[in-house]
Amino acid sequence: MRTVKAQLASAHVTTVRVNASDPVSIETSALVIGIYASADGPHPGPGAEGVDQALSGRLGPTLTAMGFTGKPEEIAKIPTFGALPAPIVVAVGLGDAPEGDQPLGTEALRRAAGAASRALAGTNEAAFALPATTIAEVEAVALGALLGAYSFSKYQTNGQKRPPVAEVSVLTAAEGAEAASLRATTLAEAVNLVRDLVNTPPSDLWPARLAEIAEEVGGKAGLTVEVLDEVALKEAGYGGIVGVGQGSSNPPRLVRLAYTHPEADRRIAFVGKGITFDSGGLSLKPAASMDWMKSDMGGAGAVLGALLAVARTGLKVNAVGYLCLAENMPSGTAQRPSDVLHTYSGKTVEVLDTDAEGRLVLIDGIARATEDNPDLIIDVATLTGAQIVALGWRTCGIMSNDDELRAELVGVAQEQGEGAWGMPLPEELRKGLDSPIADIANLHPERWGGMLAAGIFLREFVPEGVRWAHVDMAGPAFNKGEPHGYTPKGGTGALTRTLFGIAERYAR
Ligand code: BES
Ligand code: MN
Ligand code: ZN
């Protein structure tokens, strides 16, 4: 287990602290300031006025001459030639100034800080003078900076990549700023761990390994961690997880993470899809859709990350998390299309397509989670390509048997800057899941509305009266494009902060 930890630990860890110094007098390698866009060109945002004065009021004209407009996440590096202790100023665009004396908004701050942080790679240390006067704003700047500094280079031997900025100071005089930066550190550590797990190739991350990592990091954070191995899973009747995992020489696991607070009266349950690699099984995927299926454990990652953050911040809530871990592979022992599984719920499922495996592991996790009698169950999963067709890369689809819960979850996700949109569970899709020989089939004969059909399938395994929501995050889990804001290429850690946000709402 020691070796697992040693291998996982990122080579570079960025630290953040707060500092009440004036931006014009602070000794730092790089000073980050925010710039608004306006009809008369770019102009310094709150906190950057003094810097403009120290530069003889030439900031705006200089930026204009460089073609910088102040649009969100735009970056310009300006040498100060002794006018300030900081040798360079890093200007980051904040977009249009908000109306009146409205604040900028925390997501815009996170993105600006993240973009600046990415531009600071190769710099040892920097100070951020972005508009952060409330503790929520301080947390946003700190979090954006820490998430933007993420890099995953442990598999690159030539050291060509510039290391991320090592030390970040958030310049602010806000009361409680210290605590806000600590919270940001806790959240960033959780999200960046999830990113590491998603980015780790399946040759180094299989179900038992992920379970070991959960035991180690969960144990350290004060979570109770239980792991069921393939023998225990078979014995206890987890037919879904066993069926999906049986084709691989890396057997499946179910991890239960539990956090309890003595003063908490509510209990929430999270269930994460943890397919460490999804080849499709015997219903094999085409090569082009397989190369990024290491990200198919992003849901389980988010559940682990959220539980870690809940434990480390000591929220007054009881929370359990289930990681449904399997590797979906074709082989002589793999499940076949037309096999029937006896799932943990007691219901039987006809497997028509072994590539619709996520729903098979999730229903066992959901059925197990109901035994904890939680006030709500949320499952998170990279479940369908149809989610990406419907909502694109950055917006997950949220379905629920409870309209209020769905709206609440969409709201929390949007507050965190995690794209989310409510989706229906249309009744007419249920009929297509009828099986001639089992209680239900895992595949709908039509591909239209595939995200919703998967939701309808899951809903069948949620007992009456249990509040449940399902998050399809197939697109948001993995960024195949270029980095943006505080989001790197590759694993994003999506939904970790949203699940933590839900835990916060159910705390107290
Ligand atoms: N893991 C995939 C879904 C996925 C697709 C995640 C693209 C991330 C990016 C899932 O197990 C899957 O294969 N779903 C099938 C379901 C179908 C067979 C009903 C799909 O979406 O094609
Ligand atoms: Mn699949
Ligand atoms: Zn999958």
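A residue counts as partly exposed when its relative accessible area lies between the buried limit of under 20% and the exposed limit of over 50%. By that rule Asp 355 is partly exposed, because its relative accessible area is 23%. This is a predicted model, and here is a friendly tour of Asp 355's surroundings and some salt bridges elsewhere.

**The manganese site**
- The manganese ion (ligand 2) has protein donors from Asp 278 (OD), Asp 355 (O and OD) and Glu 357 (OE), at 2.1 to 2.2 Å.
- Along the sequence these donor residues follow the spacing D-x76-D-x1-E.
- The 6 donor atoms subtend angles of 70 to 168°, so the arrangement is irregular.
- Asp 278 also bridges to the zinc ion (ligand 3), and the two metals lie 3.2 Å apart.
- Asp 278 sits in strand β10 (residues 267-278), while Asp 355, 77 residues away, is in the loop between β13 (348-350) and α12 (358-370).
- Asp 278 is buried, because its relative accessibility is 3%.

**A salt bridge at Asp 355**
- Lys 285 and Asp 355 form a salt bridge with an N to O distance of 2.9 Å.
- Lys 285 lies in the loop between β10 and α10 (287-290), so this pair ties together parts 70 residues apart in sequence.
- Lys 285 is buried, with a relative accessible area of 15%.

**Salt bridges at helix α14**
- The model has 26 salt bridges.
- Asp 403 pairs with Arg 406 at 3.2 Å, and both lie in helix α14 (residues 403-415), about one turn apart.
- Glu 408 pairs with Arg 505 at 2.8 Å.
- Glu 408 belongs to α14 and Arg 505 to α16 (residues 496-506), so the pair links parts 97 residues apart in sequence.
- Glu 408 is buried at 17%, whereas Arg 505 is partly exposed at 42%.

Technical notes:
Residues numbered from 1 in each chain as written. Chains lettered and ligands numbered in written order. Predicted model: local features only at pLDDT ≥ 70, side-chain atom pairs only at ≥ 80, totals over all residues. Heavy atoms only, no water. Donors = N, O, S within 2.8 Å, 3.2 Å for Na, K, Ca; no water. Tetrahedral: all angles 85-135°; square planar, octahedral: opposite > 155°, others 65-115°. Helix = DSSP H or I, 4+ residues; strand = E, 2+ residues; numbered from the N terminus. Buried < 20%, exposed > 50% of the residue type's maximum accessible area, 1.4 Å probe, protein only. Salt bridge = Lys/Arg side-chain N within 4 Å of Asp/Glu carboxyl O.
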